[in-house]
Amino acid sequence: MSRIGKLPIQLPDGVTVTVSDSNLVTVKGKLGELYQQVDPKIKIEMKDGIVHIVRSCEEKDDKSKHGLYRALIANMVKGVSEGYTIVQELVGVGYKASAKEQLLELALGYSHNIVLELPKEVMVQTTAERGKNNTIILKSNDKQLVGQIAAKIRSLRKPEPYKGKGIRFMGEEIKKKAGKSASGQ
């Protein structure tokens with residue numbers, strides 16, 4: 001049995017889970033509504049505010065999907081009740097970010113500014129304090145979407161290993177390399 005798949009999912013107050021005939025799982029909460037199509041061989045059972053994911057057979061494919069769907073549904077439940085936040089910092093002289101509604105404008109040392117249009121499900125904020133690195137704060141109820149957007153933003157200027165300049169996640173440690181001058185003399 002899958003260690004992750006057999007764990008029950010506790011539903012917080014105000015969160016409802018419904019399963020349609022076509023195995024479409026709908027999770028509703030105070031922060032919105034999320035959908036996930038589930039394999040027909042995986043069954044979702046609900047009793048007294050607890051969701052159990054059950055597989056019908058012991059095939060290798062079904063075993064692998066058991067834990068996957070449990071994790072996806074648990075992420076959906078957490079997303080509609082608490083939401084997800086990702087904080088990124090811009091490290092480098094002249095690196096700036098500004099947000100206006102769903103547009104994020106980045107100045108990352110290129111000859112032009114980069115403008116990203118974010119989906120309406122993702123809220124974006126930027127902060128710029130004197131003496132500190134600029135930060136980008138992404139919030140959403142969809143863990144997959146906010147993670148994908150954060151990865152896209154980071155890919156525009158990945159942290160380089162010599163000075164550590166670039167876009168990094170808050171608290172991320174960058175392993176720095178020694179430069180030429182540190183080589184044997």
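**Exercise 1.** Work out whether phenylalanine 169 counts as buried, partly exposed or exposed.

*Solution.* Start with the number: phenylalanine 169 has a relative accessibility of 28%. Buried means under 20% and exposed means over 50%. The value of 28% therefore makes phenylalanine 169 partly exposed. Keep in mind that we're working with a predicted model here.

**Exercise 2.** Place phenylalanine 169 in the fold and find its contacts beyond four places in sequence.

*Solution.* First, the element: phenylalanine 169 lies in strand β13. Next, skip the neighbours within four places, and you're left with Ile86, Val87, Gln88, Glu89, Ala150 and Arg154. Now look at helix α2: Ala150 and Arg154 are among its buried residues, and β13 is one of the strands that the buried residues of α2 pack against.

**Exercise 3.** Check the length of helix α2 against what you'd expect, then look at how the helix starts and packs.

*Solution.* Helix α2 covers residues 143-155, which is 13 residues. At 1.5 Å a residue, the span should be 18 Å, and the end C-alpha atoms are indeed 18 Å apart, so the two agree. At the start of α2, a side-chain oxygen of aspartate 142 comes to within 3.2 Å of the backbone nitrogen of glutamine 144. For packing, pick out the buried residues: Leu145, Val146, Ile149, Ala150, Ile153 and Arg154. Their partners are β7, β9, β10, β12 and β13.

**Exercise 4.** Describe the largest pocket and its lining.

*Solution.* Its volume is about 150 Å³. The lining includes Leu31, Tyr84, Glu121 and Lys139. By type, the lining splits into three nonpolar, four polar and three charged residues. Finally, β7 and β12 each supply at least two of the lining residues.

Key: Residues are numbered from 1 along each chain as its sequence is written. This is a predicted model: local features need pLDDT of at least 70, side-chain atom pairs count only at pLDDT 80 or more; totals for chains, interfaces and linings use all residues. Side-chain values use heavy atoms; hydrogens and water are left out. On a 1 Å grid over the protein atoms alone, a cavity is a set of points where a 1.4 Å probe fits but cannot get out, and a pocket is an open set with protein on both sides within 12 Å along at least five of seven lines; lining residues have an atom within 4 Å of a point. Grid points are joined across faces, edges and corners, and a volume is the space filled by probe spheres set on the points. Helices (H or I, at least four residues) and strands (E, at least two) are DSSP runs, numbered from the N terminus. Ala, Val, Leu, Ile, Met, Phe, Trp, Tyr, Cys and Pro count as nonpolar, Asp, Glu, Lys and Arg as charged, and the others, Gly among them, as polar. The expected span of a helix is 1.5 Å times one less than its number of residues. Buried means under 20% relative accessible area, exposed over 50%, partly exposed in between (1.4 Å probe, protein chains only). Contact means heavy atoms within 4.5 Å. A polar contact is a pair of N or O atoms within 3.5 Å; within protein, one must be able to donate a hydrogen and the other to accept it, and residues adjacent in sequence count only if both atoms are side-chain atoms.
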